[in-house]
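Dear colleague,

Please find below the structure that I am handing over to you, with its sequence. My findings follow directly after it.

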Amino acid sequence: AGWERPNWFAPAGVEVRDIPSFEEKPNWFFHVAEEHHAIRERAVLIDQTSFAKFEITGKGTEIALQRIAANDLSGPHGKAIYTQLCNEKGGIEADVTLVHVGPDHFYFVTGSGFGVRDSGWVAKHLPPSVHIRDVTNALTVINICGPRSREILQSVTDADISNAAFPFLAARHIDVGHATVLAVRIGYVGELGFELYIPQEFGAHVYDALWATGQAHGIANAGYRAIDSCRMEKGYLYWSGEISPDYNPYEAGLGFCVDLNKSDFIGRDALVKIKTVGVSRKLCSYAIDGFAPLHGGEAILRDGRVVGSTTSVGYGHTLAKTIAFSYLPAEAADQKDFIIEAFGKNYKATRGARCLYDAKMERLKA
């Protein structure tokens with residue numbers, strides 16, 4: 001979407017370029033592993049400024065967004081809500097985070113490549129009294145995450161960011177160094193962390209303050225390939241990969257984001273029917289021991305018959321497994337042993353839980 005962002009960081013003395021590989025480990029594989037382990041064991045800074053970000057305000061904002069979102073947005077402000085925006089058939093039009101920062105005041109955050117599409121979907125369902133404004137370029141986003149991230153952030157703010165004062169999904173304005181930022185306790189890697197939404201002119205200052213303080217804690221930079229490795233272990237989904245208008249939240253295992261008891265919303269009737277009747281396919285995860293050269297779109301076989309194809313794929317460096325997602329017919333979704341074919345070779349794949357790492361979310365909510 002016109003942004004430049006780091007996929008990985010080359011250590012000193014390492015050539016700064018990708019060397020493509022189909023069947024072997026690419027040149028960046030072990031460097032991404034180091035970033036992955038820094039996320040899981042220490043702390044990292046990730047530049048996520050390319051998030052598409054929109055401010056939604058005006059009389060009736062909460063009512064209007066309740067009509068669009070499948071999840072419930074009610075309650076006091078100061079929180080983030082993960083939700084899908086569905087169409088009348090229950091298909092997922094967008095997969096977003098809504099941050100409720102004040103009365104009739106929300107931020108709408110989505111993937112870098114989906115901003116135009118998702119904001120267009122929202123805008124056409126808003127009443128004239130509610131306004132949506134693109135603030136993508138106005139806000140730097142730095143994600144500080146990892147088990148030591150709270151210690152580092154606490155060193156540069158006077159705000160109480162303890163677990164009791166600042167629980168998972170909380171959103172608060174805090175001072176970091178000389179900047180006032182919107183801190184949201186959420187992330188895409190499955191570890192304790194804070195997304196910091198920073199006025200653009202203070203972005204470098206906040207980064208420098210966190211980097212300097214983090215040296216004593218082994219802080220590192222991490223790029224998008226490390227994010228992808230971590231999110232595969234956690235079973236986090238990607239719109240246009242696992243989810244799209246062709247799939248509904250119940251098929252995708254996102255039923256926890258659907259509140260059928262709240263006021264009416266777009267797609268509710270269809271989702272009630274789907275939940276009552278059941279789904280014909282389910283999104284599943286598979287693990288292959290060690291490295292396998294998967295790139296997405298590989299055939300998945302059971303008893304010599306193709307039963308699906310992979311969507312997202314990646315290597316989980318904590319689990320030392322290659323991980324893949326795929327939809328399966330409901331009748332096959334309780335089977336365990338499958339074959340994934342890549343470059344003419346068969347790899348034994350075991351269907352497992354959607355979340356293969358920290359399924360109880362104890363690290364995320366620490």
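In what follows, contact means heavy atoms within 4.5 Å. Angles are taken between N-to-C directions, from 0 to 180 degrees, with axes fitted to C-alpha atoms. Please bear in mind that this is a predicted model.

Overall dimensions

The protein contains seven helices and 18 strands. Along the principal axes, its C-alpha atoms fill a box of roughly 60 × 55 × 40 Å. For 366 residues, a compact globule would be expected to have a radius of gyration near 21 Å, and the protein agrees with this, at 21 Å.

The seven-stranded sheet

One open sheet is built of seven strands in the order β14-β13-β17-β18-β12-β16-β15, with antiparallel pairing. Its edges are formed by β14 (305–309) and β15 (313–316); each has a single partner strand, so one side of each is left without a neighbour in the sheet. From one strand to the next, the twist averages 40°.

The individual pairings may be followed across this sheet. Strand β13 (residues 299–302) is joined to β17 in the antiparallel sense by two bridges, and I300 has I340 in β17 as its bridge partner. Strand β17 (residues 337–342) in turn pairs with β18 over six bridges, again in the antiparallel sense. Within that pairing, E341 has N346 of β18 as its bridge partner. The hairpin of β17 and β18 has two residues between the strands, and F343 adopts a positive phi near 55° there.

Strand β18 (residues 345–352) also runs antiparallel to strand β12 (residues 281–289), to which three bridges join it. Here Y286 stands opposite R351 in β18, while S285 has G352 of β18 as its bridge partner. On to the next strand, β12 and β16 run antiparallel and are joined by nine bridges; A287 stands opposite I323 in β16.

Which strands does α6 lie across? Helix α6 lies across β15 and β16 (321–329), and it runs at about 90° to β15.

The packing of α1 and α6

Helix α6 (residues 224–234) also packs with helix α1 (residues 29–41), at an angle of about 60° and with the axes 8 Å apart. Angles under 35 degrees count as roughly parallel, over 145 as roughly antiparallel and 65 to 115 as roughly perpendicular, with the rest as oblique; α1 and α6 are therefore oblique to each other. Their crossing is right-handed. On the α1 side, the residues that meet α6 are V32, E35, H36, I39 and R40. Their counterparts in α6 are R225, A226, S229, C230, E233 and K234. Sorted by class, this contact of α1 with α6 comprises four nonpolar, two polar and five charged residues.

The six-stranded sheet

A further open sheet has six strands in the order β8-β9-β10-β7-β1-β11, and its pairing is mixed. At its edges stand β8 (171–176) and β11 (220–221), each with a single partner strand, so one side of each is left without a neighbour in the sheet. Strand β7 (residues 139–145) and strand β10 (residues 193–199) are antiparallel and pair over seven bridges. In this pair, N143 stands opposite E195 in β10.

Helix α5 (residues 203–214) lies across β1 (44–47), β7, β8, β9 (179–184), β10 and β11. The same line of α5 runs at about 15° to β7.

Yours faithfully

Key:
Residues numbered from 1 in each chain as written. Predicted model: local features only at pLDDT ≥ 70, side-chain atom pairs only at ≥ 80, totals over all residues. Heavy atoms only, no water. Helix = DSSP H or I, 4+ residues; strand = E, 2+ residues; numbered from the N terminus. Left-handed = near helix turned anticlockwise from the far one by under 90°. Nonpolar A, V, L, I, M, F, W, Y, C, P; charged D, E, K, R; others polar. Pairing = 2+ DSSP bridges. Rg over C-alpha atoms; globule rule 2.2 N^0.38 Å.
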